[in-house]
Amino acid sequence: MEFVGGVGYTNIDLIYSDMVRLPATGEEVYARDFGVHLGGGVPATLINTTRLGIPSRILTFLGDDLFSRFAADSFEKYGVEVINLYKGDGTPVVITSVLVCNEDRSFASYRDEQTAGSYEEEDVYRSLTGARIVDMHAGFLDVYRQLKKEGTVLIFDTGWEDDLSIRKYEDYLELADYYLPNQKEALKITGTQSVEQAAERLSDCFENVVIKLDKDGCLLRNREGIRYISPLPGVKAVDATGGGDAFMSGFIYGLFHGYPVEQCIRFGNVTGGTCVQGVGCLTRYVDEKKLLELAQTI
């Protein structure tokens, strides 16, 4: 059976939303709404690919703590295949408090650093071999090298880091078939001042350079030049958490079904644009029928 797979931490988001403002140091501000949700990352992307009818396999880290049990129950509810790599007795999930005020957000996160050494790399490879597409996560380089030799398509998305650079992720970028940064990440990793300059720099690594432009859609650069692909129309953003992971799911849907890259981006704009209209990573989404319908409006 062909499938899409990926390995990554499970994130639990404690979301304080509809706040009048974000608190300054030493202040307390009450939120008008609160919820506990599965957060972003590889699991969120693959939950959404499952919703789009693509067989998906999530490799992650779950313990016996309260938050891990919440995650396990959530995965079961979403009907996704999950393989637990964790062999320790700690809290291997990432816990994040998210404060949302209009389009502004603040985060505080915790992760047990000992989780990184709690798995066997052979288990990761054995569970991902045979995947048509893999959503890459830093830390499994040898596995990705072997999958690449076997013909698996690799997609990489770093996320924001203060020390983000091409040199830091050079090995991953050389392996990846696609890299999907947003504009802030693209400028940071390339050390450039505009998305066009960033696209030019990334074209040294990729035939198709894709840069997400948030509410302005997406930039695509390839041998035909630079094109700007419009966003999903009529989007009223509530919470941008998980928008990039949702974009990834639509993009993967297109690749899985053999669409050209321009159409993969349109699918990503639909799934990403839909996600940000709800609070949390997974509350707003489309099924396959709705995806195909909305993609025609772009």
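In this predicted model, D18 is placed in the loop that runs between strand β2 (11–17) and strand β3 (33–38). The residue adopts a positive phi of about 55° although it is not a glycine, and, with a relative accessible area of 44%, D18 is classed as partly exposed. Most residues other than glycine have a negative phi. A second aspartate with a positive phi is D214, where the angle is again near 55° in a residue other than glycine. D214 is located in the loop between β11 (209–212) and β12 (218–222), and its relative accessibility of 54% places D214 in the exposed class, the threshold for which is over 50%. A positive phi is also found at G53, which follows helix α1 and has a value near 90°.

Helix α1 itself covers residues 42–51, and 9 of these 10 residues are buried, so the helix is largely enclosed by the rest of the structure. The buried set comprises V42, P43, A44, T45, L46, I47, N48, T49 and R51, and therefore includes the charged side chain of R51 by the convention that counts Arg as positive.

Helix α2, which spans residues 66–78, contains F67. At 25% relative accessibility F67 counts as partly exposed, a class that begins where the buried class, under 20%, ends. When neighbours within four places in sequence are left aside, the contacts of F67 are with I12, L14, V93 and I95. Between F67 and S17 the C-alpha to C-alpha distance is 20 Å, for a separation of 50 residues in sequence.

A further loop residue, T283, lies between α9 (261–275) and α10 (288–295) and is partly exposed, its relative accessible area being 38%. Apart from residues up to four places away in sequence, T283 touches H37 and G278. The first-named of these partners, H37, is separated from T283 by 246 residues in sequence, yet the two C-alpha atoms are 8.8 Å apart in space.

Aromatic side chains were examined next, and a search of the whole structure finds 13 aromatic pairs. In one of them, the ring centres of Y178 and F251 lie 5.3 Å apart with the planes at 75°, so the pair is edge-to-face. This pair links distant parts of the chain, since Y178 belongs to strand β10 (residues 178–179) and F251 to helix α8 (residues 243–256), with the two positions 73 residues apart in sequence. Both partners are buried: Y178 has a relative accessibility of 15%, and F251 has a relative accessible area of 0%. F251 also pairs with F247, and here the arrangement is stacked, with 6.2 Å from centre to centre and 20° between the planes. F247 and F251 are 4 residues apart in helix α8, which means that about one helical turn separates them, and F247, like F251, is buried. Elsewhere among the aromatic residues, F156, Y169, Y172, Y179 and F206 form one cluster.

At the level of the whole chain, the secondary structure of the protein amounts to 10 helices and 13 strands. The radius of gyration is 18 Å, close to the 19 Å that the globule rule gives for 298 residues, so the protein is as compact as a globular protein of that length. The C-alpha trace spans about 50 × 45 × 40 Å along its principal axes. Of the 298 residues, 51% are buried, and among contacts between residues at least 6 apart in sequence, 64% join residues at least 24 apart. The exposed area of the protein is about 14000 Å², of which carbon and sulfur atoms supply 46%. With regard to charge, the protein carries 29 positive and 45 negative side chains, and the centres of the two sets are 4 Å apart.

Technical notes
Residues numbered from 1 in each chain as written. Predicted model: local features only at pLDDT ≥ 70, side-chain atom pairs only at ≥ 80, totals over all residues. Heavy atoms only, no water. Rg over C-alpha atoms; globule rule 2.2 N^0.38 Å. Buried < 20%, exposed > 50% of the residue type's maximum accessible area, 1.4 Å probe, protein only. Contact = heavy atoms within 4.5 Å. Areas by Shrake-Rupley, 256 points an atom, 1.4 Å probe, with all protein chains shown as cover. Charge placed at Lys NZ, Arg CZ, Asp CG, Glu CD. Phe/Tyr/Trp six-rings, centres within 6.5 Å; stacked < 30°, edge-to-face > 60°.
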